[in-house]
Structure formats: C-alpha cells, structure tokens
Amino acid sequence: MSSKKDDIKFAYWVPNVSGGLVVSKIEQRTSWDIVYNIKLAQLAEQNGFEYALSQIRFTAGYGAEFQHEPVAFSHALLAATTKLKVIAAILPGPWNPAVAAKQLATIDQLTKGRVAINVVSGWFKGEFQAIGEPWLEHDERYRRSEEFIRALKGIWTTDNFTFKGDFYRFHDYTLKPKPYNTNPHPEIFQGGSSRAARDMASRVSDWYFTNGNTVEGIKAQVDDIRAKAAANGHQVKVGVNAFIIARDTEEEARAVLKEIIDKADPEAVNAFGDAAKQAGKASPEGEGNWAKSTFEDLVQYNDGFKTNLIGTPQQIAERIVALKAVGVDLVLSAFLHFHEEVAYFGEKVLPLVRELEQKQVALAA
Ligand SMILES: Cc1cc2nc3c(=O)[nH]c(=O)nc-3n(C[C@H](O)[C@H](O)[C@H](O)COP(=O)(O)O)c2cc1C
C-alpha cells in the first residue's frame, strides 16, 4: 500500500545491533544479521513502510553487544530494495561533514535518491571515551551538530563552498558528484528531545525525531518546534518512536508487554538507565530524552512503550491518527519479532489507519 502526500508515514528501526529493540531476555525472533535485515527491508517496503532507520553505536552498555556500522549497512539494504528510503545515523565527532557528505552523495547516486541521514548528537560518555573522542557539554554537542548540518547542506547544494565555524571549516570546496536528490538534498533527520534539540530542529533539520511519549507530551514538543520554526521561516516534520505490539486481542498485546518487562535484564537496563539519565539531565533545563523515564520505560531504550501503540489493530490505528491530529508526520516503529509483525502491521493496522485518515479528510471537507 503506497501512501499519499498527507498520509502519516511509517519507518522502522533497523536492527543493525544485536539484542533486538528491548533490553529483555524474552525470546525474540529478530536478528541483527544481514540476511535477516535484507528480508525485513523487503517485507517492510511491501507492507507500506517508507523509511528504515539504522542506528549508530560504537559500544553499548545495554545488550546491543554487536553493532554493524550504519552507513555501510544502510547501503546494503538499499541495494536489496527498490522503494524504501534508508536513513543512516551519523555522529558528529567521529564523522567529519566532508566525509559524511561524500559517502552519502555516492550512495544517493547509486540508489537514485533513496538515502537520508539522521544526525545524532551523542549521549553516552563511555562510548566517546572508549574511542578517544572529546566529550563536549550537552549544548555544545548540539552547537556542533548544527554546524555539521549547515556544512552538509552547503557542500551538497553549492559549489565553491566556504564555511568558517567553530568546529568545521571549508575553503572554496566543490563536491563532485553532488547527491542525486537535488530537491534540495537528501533528507536530514535529527534525534533528541531537549530544548537544544528542538531549537536546532526549528532552524536547520528537515525532520525532528523524538522518543516515545504520550499524545500530550508529543503535542507540547510539536507546538514548540512549529512555533519556533515559523519564526525562523523554516519547516520541520516530526517523527515519534513507538514500540508496537499489535495482536488480535488487547489481552494478548498487554500480556506480551508484561512478559517483556518481567523478563527485562535489570543489570543491563540499569546500566543503560544510568548513562541515559545522565544524558537526560545533561541539558540545562533537564528535558532531554530519558529525563523522566521509569525502569519500565527504559526496557525499550527509546521510551517506545510510552506511545502506547499496544493493543488491537483498531486501537492502534485510532492512536496513530490521534498522533497525526497533534502534528505528527511519521511513526518510527520497533517490534519484538520484526518479520512477522511488520507483515501483520501492513495487513491489519495500516488499512485501518488509511481508512480513519480518509474519514478525517471527509469530515474536514
Ligand atoms: C529516534 C532517535 C534515534 C536516535 N538514534 C541514535 C543513534 O543511532 N545513536 C546515538 O548515539 N544516539 C541516537 N539518538 C540519541 C540522540 O541523538 C541524543 O543524543 C539523545 O536523544 C539525547 O539528546 P537530548 O538531550 O536532546 O534528548 C537517537 C534519538 C532518537 C530520538
């Protein structure tokens, strides 16, 4: 099922790290290997998913013991699909914008415009220490990310690019070839929820990705970003994380959630929680991701249970449309058993979402 311009869009998390998307010892039929992931990408594009998001981790403190590099991995998924857009996460610091711009321009040429980038800003100090990268203060990390994005855009869209920033400098630089996508360049996503994240989104990003949250919590962020973006003459779309448990009955779905949490690995969840809480409180106003997360929330490491897409296809479809009503453009989804559940979502949930969207359009006309 292909989406229309105003339809809410769907992405899925690429399981390019081991352990699935929950820190739990529950049985998971999800694998981080390439054979599993290629089949998943093909299933996802057949089932109405427009985007896939690969993750960047150099080390992990919460399971995720093995991690494939996202740019290389994304390209492998693109080569095995025909429509899916794959968003590769990149961390300023280890990546320089000149390298990222060139890598992605090449992939964009090879895949006729299907690659995108998620600029993440770093939350895990231990990871930076492990690879000998200086650890900047929270808002400095965002200042660097913003320069990174400005540099990327400049390199991708202009010749003789000159830029004098605090973190990056370019002198009369012309990238050849430029990306295939000249409308105006590959899409730029960003992840994070703090004030600095929202401010950056309202100035430079095409997409703002945030952790799972209640409809009210999401609405507050959307209102803030859209107001600031309007003042800056900028447009930004919003994607929200959700761990989806769709089952024929609500009882079954709730039982799966309970089992995930009952079988959570407390040591791994607490190790992740310690690092994440530091990150959540690191922003000056204490509103970053994980600032208010409970143990149960942290079992899905981007607060994906909070969005509450857990229940029957009808309940989930209604909640997705409620997210759309407060300004959400995309749901970023994770599942316990990705292959089976991406197909179930495409067959059972997505048609209901499209039906409800049509009803809303008819009501508004
Ligand atoms: C949807 C989403 C995806 C993210 N992906 C990654 C990732 O792959 N690697 C990473 O190190 N951080 C990732 N992050 C973390 C953010 O870039 C950021 O460091 C974190 O949310 C803390 O920022 P904050 O204080 O602004 O909330 C992601 C965040 C979100 C919301």
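This passage describes the fold, the ligand site and the backbone geometry of a predicted model. Local features require pLDDT of at least 70 and side-chain atom pairs pLDDT 80 or more, whereas totals for chains, interfaces and linings use all residues. Residues are numbered from 1 along each chain as its sequence is written, and side-chain values use heavy atoms, with hydrogens and water left out.

The protein chain contains 12 helices and 12 strands, where helices (H or I, at least four residues) and strands (E, at least two) are DSSP runs numbered from the N terminus. Its radius of gyration is 20 Å, close to the 21 Å given by the globule rule for 365 residues, so the chain is as compact as a globular protein of that length. The radius is taken over C-alpha atoms, and the rule is 2.2 Å times the number of residues to the power 0.38. Along the principal axes, the C-alpha atoms fill a box of roughly 60 × 50 × 40 Å.

The ligand is surrounded by 25 residues, of which Ile 56, His 138, Tyr 142, Ser 194 and Asn 289 come nearest; a residue is near if one of its heavy atoms lies within 4 Å. By class, this shell has 10 nonpolar, 14 polar and 1 charged residues. Here Ala, Val, Leu, Ile, Met, Phe, Trp, Tyr, Cys and Pro count as nonpolar, Asp, Glu, Lys and Arg as charged, and the others, Gly among them, as polar.

Polar contacts are pairs of N or O atoms within 3.5 Å. A polar side-chain atom of Tyr 142 lies 2.5 Å from a ligand oxygen atom. Backbone atoms also take part: a polar one of Ser 193 is 2.9 Å from an oxygen atom of the ligand, and an N or O atom of Gly 122 lies 3.4 Å from a ligand oxygen. Taken alone, the ligand exposes 640 Å², of which the protein buries 98% (Shrake-Rupley method, 1.4 Å probe). Helix H5 (138-157) and strand E8 (207-210) are the elements that give two or more residues to the shell.

Most peptide bonds are trans, and most residues other than glycine have a negative phi. The bond from Lys 176 to Pro 177 is cis, with omega near -5 degrees, and that from Asn 183 to Pro 184 is cis, with omega near -10 degrees. Pro 177 is placed in the loop between strand E6 (169-173) and strand E7 (188-191), as is Pro 184. Asn 160, not a glycine, has a positive phi of about 50 degrees and is found in the loop between H5 and strand E5 (161-164).

Conventions:
A polar contact is a pair of N or O atoms within 3.5 Å; within protein, one must be able to donate a hydrogen and the other to accept it, and residues adjacent in sequence count only if both atoms are side-chain atoms.
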